[in-house]
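Biologist: Please choose one part of this model for a close look, and describe it in connected prose rather than as a list. I would like to follow the argument from the part you start with to its surroundings.

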Amino acid sequence: MDITFWGVRGSYPVPGRGTVRYGGQTSCVEVRTASGASVILDAGTGLRALGQKLARDSGATLGRHHILLSHVHWDHIQGLPFFEPMYITGNTVEVYALLTAADELQQVIGGITRHEFFPVPLEAVPAEINFHEVDPGLPMTIEDAQILPFALNHPFGSVGYRIDADGTSVAYVSDTAPFNQVLHKQHFLPGLETLTDEDRRVLGDMRAALVKSLHGCDTVIYDTHFLPEEYARFPHYGHSTPDQALDIVAGNDVRRLILYHHAPSHTDDQMDEIAARYKEQGAAVGVDVITACEGMVLSVGPRGTS
Amino acid sequence: MKVRFWGVRGSFAMCGKEFLRYGGNTSSVELVTEGGSRLLIDLGTGATEYAKSLMSSEFGQGLGRLPVLLTHTHLDHIQGLPFFTPFFIKGNQFRILGADPAGSSLKGTLQNQLAPHYSPLNGLENLAAGVSIETFLPGSELAIDEFEITTAAVPHGTMWTTGFRIKADDKVVTVLTDVEYPAPHRPTREAFALAAGADMLIHDAMHDDAAYAMARGWGHSPVSAGVHLAGAAGVGKLALFHHSPDATDAAIDRLVEAAQSRTAIPVMGAAEGAYHEV
Ligand SMILES: [Zn+2]
Ligand SMILES: [Zn+2]
Ligand SMILES: [Zn+2]
Ligand SMILES: [Zn+2]
């Protein structure tokens, strides 16, 4: 199984000298199994370059593309209208996402291609686009990959995915806050709220389900947007620190943790420091910590062989 | 009057070393008068960089005031809005001025951008600063601080955008971006009127002339449209703007060179960074 990072930034794309090495495009990861089946995790701005590559590689061959969305904040969907395979008649794009209480998924995705935002409305896109609801805890099969979705703690809901194929596994845990200070629901949070007993129970269950879903997973990609000192100022923003990610994976039979969804303000030099600092902290608890950069390809062999 | 480009890229922000000299951020242009009045045009990702620079001024203390003009609400012109840091500081005052998109409202569109699915901000009302959304009909004249502004609708594919002629310090800057005329050499009457005699014309130059053959009807101009209008309207300087996401620094260099070889009017490729005296 190969994992390719097409966009590793959180919030919004950040061009410029400070992001040349780690990359400035937002959330998008491609997982390809040995049989060639591919699953795309999130459709941030990194999706544009992936779409160009897929269109180039496929030539005249039509294809079916699977995009699993964690949630529909702009940094996770903004690449969708720029996904080249959508503009080829005969292609199919299957989009999977959490169905939120308020709206139909299609309307939400359709919303980003309204003419106020983008010149081509969804109805005019030549490829066939199908929408699928994801239910946390309910496994799915996409070609030869087994997918397990699980709930995360993020404004308006978010979902992570564990993908098992080729005798190995990778999990995508983005975006999420930790599970102790804030329970994100479907309203605006200007700051911390007092947790009720019920909130604490929901958070405890969510954390336990996450830990269980990640147990024995080879490689875990995790939203580590903040450094601890930044998290302390913005605990209600819905993102984690590498320390909080390590807390979830350490002792849970996870081989490797990938730091992901980098804050837009973190320059390459800061990212180097973060990478070195958490490489060391991970080693201390038996986890190989790697900091994602755009273009990085990780090959994941069967557990125990790579 | 000075002009600074904070974002010059069309459609999509581009990162990486091939995009460093012109810059990869999407549309955002600042105008400053000698008297210190400021005006921002568009809120693409370039606006997030401008926002950072504002934080060390009165905007950091919640004492800033800034008018913002929007050409239209395609994402590359508003995607910086949820990340414009001075919006989160109480006391700052912003006016966002634009035309209602056809069939919907400006305020509704921006609210929709911040709807809970898309953004944890859950709506304009949660911005701590004062942000007023004001609409005008294209064709109207606006007076904002020291700026006298003429507006007009110009064609943009199946829709239209607002072009601006902005006068201050006895200088005129014309902004015509996301525009496609019936033919590259046939600017609309309104576009011509906005550009007539301007000191600087900032013009959509999304396509080189060869690529335009494939992109006719998509709402953007080939370089020759700006070159032609600059000559016909007798402008002082032409800034090619809204560069294609696929145009690397080297490609834009070639585009500017080719444009310059066809006109005596000075041509520049709009680039992030420095202030330019108009
Ligand atoms: Zn995100
Ligand atoms: Zn998010
Ligand atoms: Zn544009
Ligand atoms: Zn546009």
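Modeller: I begin where chain B meets chain A, and there the rule finds one salt bridge across the interface. Everything that follows describes a predicted model, so that the distances and areas are computed from its coordinates. The salt bridge joins Arg48(A) to Asp246(B), with 3.2 Å between the closest N and O atoms. Polar contacts between chain B and chain A amount to 10 residue pairs, both partners being at pLDDT 80 or more. On the side of chain B that touches chain A, the elements giving two or more residues are α1 (46-54) and α2 (106-113) of chain B, and α2(B) gives the most, with three residues.

The extent of the contact can be put in terms of residues and of area. Chain B contributes 36 residues and chain A contributes 37, while the two chains bury about 3300 Å² between them, 64% of it on carbon and sulfur atoms. Of the area that chain B buries against chain A, 25% is supplied by Phe12(B), His117(B) and Tyr118(B), more than by any other three residues.

From the interface I turn to the metal sites, beginning with chain B. The zinc ion (ligand 4) has as its donors NE2 of His72(B), ND1 of His74(B), NE2 of His156(B) and OD of Asp178(B), at 2.2 to 2.3 Å. Along the chain these donors follow the spacing H-x1-H-x81-H-x21-D. The angles that the four donor atoms subtend run from 91 to 169°, which makes the arrangement irregular; a tetrahedral assignment would need all angles to lie between 85 and 135 degrees. Asp178(B) coordinates a second metal as well, since the zinc ion (ligand 3) shares this residue with the zinc ion (ligand 4), the two ions being 3.5 Å apart. His156(B), in strand β8 (residues 147-156), and Asp178(B), in the loop between β10 (171-176) and α3 (189-195) of chain B, are 22 residues apart and so link distant parts of the chain. Both of these donors are buried: His156(B) has a relative accessible area of 3%, and Asp178(B) one of 1%.

Strand β8 of chain B also holds Thr151(B), which is buried at a relative accessible area of 1%. A polar atom of the Thr151(B) side chain lies 2.7 Å from the backbone oxygen of Ser140(B). Beyond its neighbours within four places in sequence, Thr151(B) is in contact with ten residues' worth of surroundings that include Phe136(B), Pro138(B), Leu142(B), Thr162(B), Phe164(B) and Leu194(B).

Chain A offers a metal site of its own. The zinc ion (ligand 1) is coordinated at 2.1 to 2.2 Å by OD of Asp75(A), NE2 of His76(A), OD of Asp175(A) and NE2 of His261(A), and these residues are spaced D-H-x98-D-x85-H in sequence. The angles among the four donor atoms are 90 to 164°, and the site of the zinc ion (ligand 1) is irregular. The zinc ion (ligand 1) and the zinc ion (ligand 2) lie 3.5 Å apart and are bridged by Asp175(A). Because Asp75(A) lies in helix α2 (residues 74-77) of chain A and His261(A) in the loop between β12 (256-260) and α7 (268-284), the pair ties together parts that are 186 residues apart in sequence. Asp75(A) is buried, at 5% relative accessible area, and His261(A) counts as buried at 0%.

Two further places in chain B complete the picture. Helix α5 (residues 223-233) of chain B is mostly covered, with eight of its 11 residues buried, among them Val223(B), Val227(B) and Leu229(B). The cover over the buried residues of α5(B) includes β10, α3, β11 (200-204), α4 (209-215), β12 (238-241) and α6 (249-260) of chain B. Gly234(B), which follows α5(B), has a positive phi near 60°. Ile89(B), in the loop between β4 (65-69) and β5 (93-98) of chain B, has a relative accessible area of 19%, and because buried means under 20%, Ile89(B) counts as buried. Its contacts outside the four nearest places in sequence include Met55(B), Phe59(B) and Ala128(B).

Key: Residues are numbered from 1 along each chain as its sequence is written. Chains are lettered from A and ligands numbered from 1 in the order in which they are written. This is a predicted model: local features need pLDDT of at least 70, side-chain atom pairs count only at pLDDT 80 or more; totals for chains, interfaces and linings use all residues. Side-chain values use heavy atoms; hydrogens and water are left out. Donors are N, O and S atoms within 2.8 Å of the metal (3.2 Å for Na, K and Ca); water is not among the atoms, so sites may look incomplete. Four donors count as tetrahedral if all angles lie between 85 and 135 degrees; four count as square planar and six as octahedral if opposite donors are over 155 degrees apart and all others between 65 and 115; anything else is irregular. Helices (H or I, at least four residues) and strands (E, at least two) are DSSP runs, numbered from the N terminus. Buried means under 20% relative accessible area, exposed over 50%, partly exposed in between (1.4 Å probe, protein chains only). Contact means heavy atoms within 4.5 Å. Buried area is the accessible area (1.4 Å probe) that two parts lose on being put together, summed over both. A salt bridge is a side-chain nitrogen of Lys or Arg within 4 Å of a carboxyl oxygen of Asp or Glu. A polar contact is a pair of N or O atoms within 3.5 Å; within protein, one must be able to donate a hydrogen and the other to accept it, and residues adjacent in sequence count only if both atoms are side-chain atoms.
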